[in-house]
Amino acid sequence: NRTTLTGSIGVFGVKVDATKWANSYGVRSDYFPHDNHGAAMSPLVPLTKGMSQNFARSVKDFYSYFKEIVADGRRLSAPAVENVAQGRVWTGGQAQAVRLVDELGGLASAIAYARKAHTRSEDVDVEYWPRKSIRLEDFSEMLSRGTSLQDLFCACAPPSLVG
């Protein structure tokens, strides 16, 4: 709809450094790197300047690739995509104006479009995920009570997966 938030064209990366935490619990790690950055994504290896530069280059390359996909899929020029990219977030109306979305509508119209455009008979079952929302506090409480992983899954999964 006109007021929904439309995701940005942007890329970010995260490198977890849990070395201090691991050291505080006596956890040690050993590795045999394949090359200079072979263990770069290990949470037990601190980020070096070289790793950081390599990581930044990878994110930049992925961002360029992502913009190419958007330009191709939306039939926009590279400069037009760059104008609407850079991690901006748009309302539905703004996204339509800059050609990031074709039309406005809600979940029902999106499902109707998918049925018509991507099925032969339009006779499909729709599953809504998650079946019900579970607040983080509820999840935490279930864990503290010793709830099994199977029961946690059943509480979150749609009926067709639970059986």
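Helices, taken as DSSP runs of H or I with at least four residues, and strands, taken as runs of E with at least two, are numbered here from the N terminus. By that criterion, the protein has eight helices and two strands. The model is a predicted one.

**The whole chain**

Begin with the entire protein displayed as a cartoon and coloured from the N terminus. The elements then follow the order β-α-α-α-β-α-α-α-α-α. Switch to a surface representation: the accessible surface comes to about 12,500 Å², and carbon and sulfur atoms account for 55% of it. Of the 163 residues, 18% count as buried. Among contacts between residues at least 6 apart in sequence, 61% join residues at least 24 apart.

**Helix α2**

Next, select residues 49-74, which form helix α2. This helix has 26 residues, and the distance from its first C-alpha to its last is 37 Å, close to the 38 Å expected at 1.5 Å a residue. Show the side chains of Met51, Tyr63, Lys67, Val70 and Ala71, which are the buried positions in α2. Then add residues 78-84, helix α3, to the selection; the buried residues of α2 pack against this helix.

**Arg75, after the end of α2**

Move along the chain to Arg75, the residue that follows α2. Arg75 lies in the loop between α2 and α3. Its phi is near 55°, a positive value in a residue other than glycine. Is Arg75 buried or exposed? Arg75 is exposed, because its relative accessible area is 70% and the exposed class begins over 50%.

**Arg99, in a later loop**

Select Arg99, found in the loop between α4 (92-97) and α5 (107-118). Here too the backbone merits inspection: phi of Arg99 is near 70°, a positive value in a residue other than glycine. Arg99 counts as partly exposed, because its relative accessibility is 43%, between the cut-offs of 20% and 50%.

**The nonpolar patch**

Finally, return to the surface view and select Trp21, Tyr25, Val27 and Leu44. Together these residues make a nonpolar surface patch of about 420 Å². Within this group, centre the view on Tyr25, which is found in the loop between α1 (19-24) and α2. Tyr25 counts as exposed because its relative accessibility is 60%, a value in the class over 50%.

Definitions and conventions: Residues numbered from 1 in each chain as written. Predicted model: local features only at pLDDT ≥ 70, side-chain atom pairs only at ≥ 80, totals over all residues. Heavy atoms only, no water. Expected span 1.5 Å × (residues − 1). Buried < 20%, exposed > 50% of the residue type's maximum accessible area, 1.4 Å probe, protein only. Contact = heavy atoms within 4.5 Å. Patch = residues over 30% accessible without salt bridge, like charges linked within 9 Å, V, L, I, M, F, W, Y side chains within 5 Å. Areas by Shrake-Rupley, 256 points an atom, 1.4 Å probe, with all protein chains shown as cover. Salt bridge = Lys/Arg side-chain N within 4 Å of Asp/Glu carboxyl O.
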